[in-house]
Number of protein chains: 4
Amino acid sequence: MARLSREESRVRTREMLLASAARAFARAGYSGASVDDIAEDAGFSKGAFYSNFASKEAIFLALLEVRKQSEIMAVRAMIAEVDSDKLMETLTTWLDALHGDRDFALLAAELELQARRSESLAAGYEALQKRFSDELVAFIAVVFERLELTPPAPIKDIADTFIAISNGSALAAGHQNQHAGRSMRLFLDMLIKASATRAR
Amino acid sequence: MARLSREESRVRTREMLLASAARAFARAGYSGASVDDIAEDAGFSKGAFYSNFASKEAIFLALLEVRKQSEIMAVRAMIAEVDSDKLMETLTTWLDALHGDRDFALLAAELELQARRSESLAAGYEALQKRFSDELVAFIAVVFERLELTPPAPIKDIADTFIAISNGSALAAGHQNQHAGRSMRLFLDMLIKASATRAR
Amino acid sequence: MARLSREESRVRTREMLLASAARAFARAGYSGASVDDIAEDAGFSKGAFYSNFASKEAIFLALLEVRKQSEIMAVRAMIAEVDSDKLMETLTTWLDALHGDRDFALLAAELELQARRSESLAAGYEALQKRFSDELVAFIAVVFERLELTPPAPIKDIADTFIAISNGSALAAGHQNQHAGRSMRLFLDMLIKASATRAR
Amino acid sequence: MARLSREESRVRTREMLLASAARAFARAGYSGASVDDIAEDAGFSKGAFYSNFASKEAIFLALLEVRKQSEIMAVRAMIAEVDSDKLMETLTTWLDALHGDRDFALLAAELELQARRSESLAAGYEALQKRFSDELVAFIAVVFERLELTPPAPIKDIADTFIAISNGSALAAGHQNQHAGRSMRLFLDMLIKASATRAR
DNA sequence: GATGAATGAGGGTTCATTCAT
DNA sequence: GATGAATGAACCCTCATTCAT
């Protein structure tokens, strides 16, 4: 059985704490979640927490980074495989993933809100958000290109609306989550209908 | 100088506390805002707070009610004055109001999030949200009627998307808020373009 | 219908507050009972309370006085009607009264305890307790005289034991109060058996 | 100098808090004593208190347990060494111990009262009290056996009276405590005089 | 690196008391 | 005399963080 090296073990602890923090922040919000909750839920002591993260804010920012990073990677992956056949299918899969995990959605909203509140968080957040936004703009541009459609508005606005609906749906989704994602699909449908076929 | 009567004074205190609470919750979130903050910011002691509201949760719910109520009244007012000439203008005014007050928007988002977390809040919240949603659905139906257009999707979905964009934009709006509301207008434009003209 | 004079009305309010305080102190103890509880339970406002009593401590002391006074009067009444025929019957009635009211008993214990804690209460209490003790000693002396028995110990000790059992039973009486008073009767029986018939 | 291990240190803190709580509750009663008082008097912070006891009620109950336990052990010890020569001497020593510590006595009374008021305390209390009572009944039975006397009343009643006098004396004992314990001895004397010598 | 006892600031809430009405 | 809004000190408890083990 492969023994974990010290480094591997440290990484593993870190990841378990991050996962636990994601759950805790989603459930109770940044202020409402306690370091103790997070540590215990991950199966560690408070001490272990502070050996891995300098503060509660630090783990929050780390989480923010992990999440935004993975969102960026997801979009980038979609760009790579854009082709007329599987595009809508890929999109649908992505949207389902985005809205399927209720905790994920609530966490996203909490991240946004909290980043807006704390100056120290805002700094780190802004940069990440910019990168994600840029990536999304690029993706949308590629899609319109491929579909040979002319966007009905500046792509930045479309991307912003996309993000707004995503976050907004997360907030609005009550206990019965069944129609989360409908808003997004309605928006997509209309977007395509509203786009002018490009002259050749 | 008109001296305030006992009752007037009480009402005034209550309102100042509500205003202060709105600021505090917007700034720091539900958990992050302290009763002490709220009371002091309103110029009162903690004791005064508790002789006006039974608990922190109570003032939060009271705030929720006030806000939702005024949103409902706004929509209702719009229904009353719907006519083809001033409709878009009225809508624009409303949207600007909705997004013009940054604190209001953040508060709205916080209200949604918190209501989703606390069972005791959720109870009170759900009812209010239902009433607002119903009102919005009625409004949208009237508008389509007046414009003699057929909606491209169930009106409930349209209303939900409307709300999602509103909340989502509030979250996404960074320090520079200038283009908040663009998403909403984009959505509205596309909505009209996507609607079929009704057969007469 | 006779209107209450201002003075009568004041006395009535005072008495209702005293009765309410007795219930509250018995139920929750001195610290545990709040002025608001007491006032509201009596059907008045806090202001009315403070118009009648200078402080929480003041009403407690007033209560102490009323109770001790009535205990003294009860003993004095028994002395007056001591005669060989009805003596034991009278005693029994008194004891039943003492233990029949659970609240009364708990209040008595609380009074004792609290008087022992607060210096300001102790002053007023000590005097009252002395008067009651003296009265009880006189009563016991008369009874032994009448029964032509010689007490088996200094009468003061007998009186003290009497009081100790009374207070102790109140404390010990659990929810099932049926055998409160047994201790007292056991003590009385033994007391008589242990007394030497006086030589004539 | 022996350094304290982690565990030893924890136990020591706990014990110091318990001792401090005993003083505080005796002095000010359950409601009157504050967690802050208790912690500071023991030389710790409030936080230390709460990492040793879950709540104020918890330390109260823990105290109750310690005290009742030691009372039980004391009675059990007496049963073990009952023999005609040293019995009365042992009893006397015990009674002196019971009444010698004024705080102990007041605490006992407070424990009884408070247990009667709080449902959550009552649960834990009742069990302990039952065990003590049973032990005392057993002890008294053994003593009568040894002395070859027939008790003049059900042993349970005798035990109850015993307890009542003990608690009652604690309450009645003023600042001058010199004659506490007299009641108890008077009761014992009479008890023996009132017992019938058993037929052989 | 991990532990958890301890700190100390603060959070929500209660409450005796005051005082303008 | 009665009212109850307001005060402000405590109270019970939580929690981010530190540090000796």
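This passage describes how the protein chains pair with one another and how they meet two DNA strands in a predicted model.

It is helpful to begin with the relation between the copies. Two copies of a chain are related by a rotation about an axis and a shift along it. For chain C and chain D, a rotation of 178° with a shift of 0.1 Å along the axis brings one onto the other, and the RMSD is 0.2 Å. The two copies are thus related as by a two-fold rotation axis. Within chain C, the C-alpha nearest this axis belongs to C:G168, at 1.9 Å from it. The interface tells a matching story: 100% of the interface residues of chain C are also interface residues in chain D, so these copies meet through the same surface.

Chains A and B can be treated in the same manner. A turn of 178° and a shift of 0.1 Å along the axis lay chain A on chain B with an RMSD of 0.3 Å. Here the C-alpha of A:G168 is the one in chain A nearest the axis, 1.8 Å from it. Of the interface residues of chain A, 100% are also interface residues in chain B, so the two copies meet through the same surface.

A closer look at the C–D pair leads to helix α8, residues 155-172 in each of the two chains. The axes of α8(C) and α8(D) come within 6 Å and cross at roughly 105°. The two helices are therefore roughly perpendicular to each other. On the chain C side, the contact involves C:T161, C:A164, C:I165, C:N167, C:G168, C:S169 and C:L171. These meet D:T161, D:A164, D:I165, D:N167, D:G168, D:S169 and D:L171 of α8(D). By class, the contact holds six nonpolar and eight polar residues, with no charged ones. C:G168 thus takes part in this helix contact, and its C-alpha is also the one in chain C nearest the axis relating C to D.

Within chain A, another helix pair has its own geometry. Helix α4 (residues 56-80) and helix α7 (residues 119-147) have axes that come within 9 Å and cross at roughly 10°. That makes α4(A) roughly parallel to α7(A). Their contact comprises 15 nonpolar, four polar and seven charged residues.

Attention can now turn to the DNA. Around DNA strand E there are 33 residues, of which A:G47, B:Y50, C:V35, D:R6 and D:T13 come nearest. Of the strand E atoms that come within 4 Å of the protein, 61% belong to sugar and phosphate. Several side chains place polar atoms by phosphate oxygens of strand E: for B:Y50 the distance is 2.5 Å, for D:N52 it is 3.0 Å, and for A:N52 it is 3.4 Å. Helix α3 (46-52) of chains A, B, C and D, along with α1 (6-32) of chain D, each supply at least two residues of the surface near strand E. That surface divides into nine nonpolar, 15 polar and nine charged residues.

DNA strand F is likewise surrounded by 33 residues, and the closest are B:R6, B:T13, C:G47, D:Y50 and D:K56. Sugar and phosphate make up 62% of the strand F atoms that come within 4 Å of the protein. A polar side-chain atom of B:T13 lies 2.6 Å from a phosphate oxygen of strand F. The backbone contributes as well, with a polar backbone atom of D:V35 at 2.9 Å from a phosphate oxygen of this strand. A base is also approached: a polar side-chain atom of B:K46 lies 3.3 Å from a base nitrogen of strand F. The elements giving two or more residues to the surface near strand F are α3 of chains A, B, C and D, together with α1 (6-32) of chain B. By class, the residues of this surface are nine nonpolar, 15 polar and nine charged.

Technical notes: Residues numbered from 1 in each chain as written. Chains lettered and ligands numbered in written order. Predicted model: local features only at pLDDT ≥ 70, side-chain atom pairs only at ≥ 80, totals over all residues. Heavy atoms only, no water. Axes fitted to C-alpha atoms, helices over the stretch in contact; angles between N-to-C directions. Helix = DSSP H or I, 4+ residues; strand = E, 2+ residues; numbered from the N terminus. Parallel < 35°, antiparallel > 145°, perpendicular 65-115°, else oblique. Contact = heavy atoms within 4.5 Å. Nonpolar A, V, L, I, M, F, W, Y, C, P; charged D, E, K, R; others polar. Near = heavy atom within 4 Å. Polar contact = N/O pair within 3.5 Å; in protein donor to acceptor, adjacent residues only side chain to side chain. Least-squares fit on C-alpha atoms with pLDDT ≥ 70 in both.
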